[in-house]
Amino acid sequence: MGVLIRPELRIDEARFRANIDAVRSRVAPSSLMLVVKDDAYGHGVRWAAETATGSGVEWIGAYDVPTALTLRETVPPETRLFAWVTSADDEIAGAVLAGVDLGVGSPDYLRRVIAQTERLGARSRIHLKIDTGLHRNGFSREEWTDGVETALRAQQAGTVDLVGVWSHLAEASDAEDDEANARFLSAVSVARGLGAGSLRTHLTASAASWSRSELRGDLVRIGAFCYGIRSADGPDFPGVAPIASLVASVVRLEEAEAVVAIGALDGLPSTLSGRVVVGTPGGVRLLRTVGLDHVRVEAWPDARIGDEVVLFGPGARGEVSATTLAEAVDTVGEEILTRLGPRVRRRHV
Ligand SMILES: *Cc1c(COP(=O)(O)O)cnc(C)c1O
């Protein structure tokens, strides 16, 4: 194996499939929507969507319309793509023509989706979002009845199909999530009372989907756990493990340190210096400093130029995950992965 001149994110496809299986069996009978925002949390969006749909996942949470359109040709035609970012009219039109499910979180956005769909003479699929307490996006309780009625009128006119009701949890405390769930269920029942037919309901992301079965709708939107990223300071979950290792090569040996080339890797916070260990051929060693294009690691006996160092991931002997690094600098595992720049080669093995 040659010396890596650039760091490599080595991604274990079998492990990813195993995580997906573990998550799916945990949340059954709810269905999994795999969330692939931020380039599938740094793992590669096309690969993630292809692999997941190959394993039988029927829903992909694409986040925005451009991502959904990128994936339309990649995934099987029956795969449902869900895009929930409020989008400009031309993007709405693209989504409608491609059969992308739209998350709709405001009266204005609902009007625009209906207008674009009418203009195209098409039919769109929408999931209305009720605000259950996060106040980021979503119909307020006061706006809800009107929103549902507007959607159902458009449905009768043949313009939209109201196929779902959804919201997002703060996951700050169980009590708050219970309250949010009560608001959610009441919004669902208002929609059913007004005549909404078969609705998909979805509220929970990784942590609540895993641990709080009573909050699951018939869909769950999960990113982190499928990629094996556990919650910061949270427990490990059986059957779920990290899928990616960040690997780089030793390019120089200086006294008691191995210098490892990481290129212009803007992803590794310099505050990690002196706080974490990394995997080396000689076992785990202290990461002494993080520089602009290299890191310095405490040397091991017989260290050689070309040796591979695992900065995090299952390849690192001694449980160094992206979340472990994240905890050392008070952030979350997603942050470490999604900040890895495009120069880091993704290799799916
Ligand atoms: C990111 C996101 C998710 C997935 O969250 P994880 O904690 O990574 O599982 C679900 N729903 C929405 C709306 C999100 O933005």
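**Close-up views of a predicted model**

Helix H2 (37–41) and strand S9 (219–222) each give two or more residues to the shell around the ligand. The model is predicted.

**View 1. The shell around the ligand.** Val35, Lys37, Tyr41, Trp84, Trp166 and His168 are among the residues that surround the ligand. The shell also includes Ala205, Ser206, Arg221, Ile222, Gly223 and Ala224. By class, seven shell residues are nonpolar, three are polar and two are charged. Tyr counts as nonpolar here, and Gly as polar. Helix H2 and strand S9 each supply at least two of the shell residues.

**View 2. Polar atoms at the ligand.** Three side chains are picked out here: Tyr41, Ser206 and Arg221. A side-chain N or O atom of Tyr41 is 2.6 Å from a ligand oxygen. For Ser206, a polar side-chain atom lies 2.5 Å from an oxygen atom of the ligand. Arg221 pairs with a nitrogen instead: an N or O atom of its side chain is 2.9 Å from a nitrogen atom of the ligand. On its own, the ligand has 380 Å² of accessible area, and the protein covers 87% of that.

**View 3. The largest pocket.** The ligand sits in this pocket. The space in the largest pocket is about 850 Å³. Its lining has 33 residues. Nearest the pocket centre are Lys37, Tyr41, Arg136, His168 and Ala205. Two or more lining residues come from each of H2, helix H9 (206–211), S9 and helix H11 (333–338). The lining divides into 17 nonpolar, seven polar and nine charged residues. Tyr41 also has a side-chain N or O atom 2.6 Å from an oxygen of the ligand.

**View 4. The largest cavity.** The structure holds one cavity of 30 Å³ or more. The volume of the largest cavity is about 80 Å³. It is lined by 13 residues. Gly228, Ile229, Pro242, Ala322 and Leu337 are the closest to its centre. Eight lining residues are nonpolar and five are polar. No charged residue lines the largest cavity.

**View 5. A cis peptide bond at Pro29.** Ala28 and Pro29 are joined by a cis peptide bond. Omega is about 5°. Pro29 is in the loop between helix H1 (13–27) and strand S2 (31–35). Most peptide bonds are trans.

**View 6. A positive phi at Glu171.** Glu171 has a phi near 50°. The value is positive, and the residue is not glycine. Most residues other than glycine have a negative phi. Glu171 is found in the loop between strand S7 (160–166) and helix H8 (174–193).

Notes: Residues numbered from 1 in each chain as written. Predicted model: local features only at pLDDT ≥ 70, side-chain atom pairs only at ≥ 80, totals over all residues. Heavy atoms only, no water. Near = heavy atom within 4 Å. Polar contact = N/O pair within 3.5 Å; in protein donor to acceptor, adjacent residues only side chain to side chain. Areas by Shrake-Rupley, 256 points an atom, 1.4 Å probe, with all protein chains shown as cover. 1 Å grid on protein atoms, 1.4 Å probe; cavity = no way out; pocket = protein on both sides within 12 Å on 5 of 7 lines; lining within 4 Å. Sits in = over half its atoms within 2 Å of the grid points. Helix = DSSP H or I, 4+ residues; strand = E, 2+ residues; numbered from the N terminus. Points joined across faces, edges and corners; volume = space filled by probe spheres on them.
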